[in-house]
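The following note is intended for a colleague meeting this structure for the first time. Its points are numbered and may be read alongside the sequence and the model.

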Amino acid sequence: LLVEMDLALVESDTITCNAAVSACEKRGKWNQALTLLGDMGVRRVALDIVTFNAAVSACEKGGEWAKSVSLLADMASARVKLDT
């Protein structure tokens, strides 16, 4: 998906990537959401609370509870600033 964004000359920043992860979440595509999350890391696009929330929700909707819990641990490791 990020390659398609590049081809369409859409900047791959946190906001556009979050929109893509959220779209995966809404369509129940947890595996694509996790792929995007990984691609964001490779491209050094900042991950934030919105990114992780959408990915956790995608995994939850797909019945992938272990992956959801793993993402929560990843979020803590990445020192993502939590909403207050």
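1. The chain contains five helices and zero strands. Read from the N terminus, its elements follow the order α-α-α-α-α. The model is a predicted one, and the remarks below should be read accordingly.

2. The chain has 84 residues, of which 33% count as buried. Among the contacts in the chain with a separation of 6 or more, 54% are made by residues 24 or more positions apart.

3. How do helices H2 and H3 pack? Helix H2 covers residues 14-27 and helix H3 covers residues 30-42; the angle of packing is about 160°, and the axes are 8 Å apart. H2 is therefore roughly antiparallel to H3, since an angle over 145 degrees counts as such. The crossing in which H2 passes H3 is left-handed. On the H2 side the contact is made by Cys-17, Asn-18, Ala-20, Val-21 and Cys-24, and on the H3 side by Gln-32, Ala-33, Leu-36 and Met-40. Sorted by class, the contact of H2 with H3 comprises seven nonpolar and two polar residues, with no charged residues.

4. The packing of H2 with H4 deserves its own point. The axes of H2 and H4 cross at roughly 15° and come within 8 Å. This makes H2 roughly parallel to H4, because angles under 35 degrees fall in that class. H2 again has a left-handed crossing, here in passing H4. H2 contributes Asn-18, Val-21, Ser-22 and Glu-25 to the contact, while H4 contributes Val-50, Thr-51, Ala-54, Ala-55, Ser-57, Ala-58 and Lys-61. The residues of this contact of H2 with H4 divide into five nonpolar, four polar and two charged. Asn-18 and Val-21 of H2 thus appear in the contact with H3 and in the contact with H4.

5. How many salt bridges does the structure hold? A search of the whole structure gives two. In one of them, the side chains of Glu-25 and Lys-26 meet at 3.6 Å, N to O. In the other, the side chain of Glu-25 meets that of Lys-61 at 2.5 Å, N to O. The pair of Glu-25 and Lys-61 links distant parts of the chain, with Glu-25 in helix H2 and Lys-61 in helix H4 (residues 49-61), 36 residues apart. Glu-25, Lys-26 and Lys-61 are thereby joined in a network of salt bridges.

6. Is Glu-25 buried or exposed? Its relative accessibility is 8%, so Glu-25 counts as buried, the limit being under 20%. Lys-26, by contrast, has a relative accessible area of 66% and is therefore exposed, as the cut-off for that class is over 50%. The salt bridge between Glu-25 and Lys-26 accordingly joins a buried residue to an exposed one.

7. Ala-58 belongs to helix H4. With a relative accessibility of 0%, Ala-58 counts as buried. Which residues does Ala-58 touch, if those up to four places away in sequence are not counted? They are Glu-25, Trp-30 and Ala-33. The C-alpha atoms of Ala-58 and Glu-25 are separated by 4.1 Å, although the two residues are 33 residues apart along the chain. Ala-58 and Glu-25 are also both listed in the contact of H2 with H4.

8. Two further buried residues merit inspection. Thr-14 lies in helix H2 and has a relative accessible area of 18%, so it is buried. Residues up to four places away in sequence aside, Thr-14 touches Val-45, Ala-46 and Asp-48. Ser-68 is placed in helix H5 (residues 65-77), and its relative accessible area of 4% makes Ser-68 buried. Leaving out its neighbours within four places in sequence, Ser-68 is in contact with Val-56, Cys-59 and Glu-60.

Terms used: Residues are numbered from 1 along each chain as its sequence is written. This is a predicted model: local features need pLDDT of at least 70, side-chain atom pairs count only at pLDDT 80 or more; totals for chains, interfaces and linings use all residues. Side-chain values use heavy atoms; hydrogens and water are left out. Axes are lines fitted to C-alpha atoms, for helices over the stretch in contact, and angles run from 0 to 180 degrees between N-to-C directions. Helices (H or I, at least four residues) and strands (E, at least two) are DSSP runs, numbered from the N terminus. Angles under 35 degrees count as roughly parallel, over 145 as roughly antiparallel, 65 to 115 as roughly perpendicular and the rest as oblique. A crossing is left-handed if the near helix is turned anticlockwise from the far one by less than a right angle, and right-handed if clockwise. Contact means heavy atoms within 4.5 Å. Ala, Val, Leu, Ile, Met, Phe, Trp, Tyr, Cys and Pro count as nonpolar, Asp, Glu, Lys and Arg as charged, and the others, Gly among them, as polar. A salt bridge is a side-chain nitrogen of Lys or Arg within 4 Å of a carboxyl oxygen of Asp or Glu. Buried means under 20% relative accessible area, exposed over 50%, partly exposed in between (1.4 Å probe, protein chains only).
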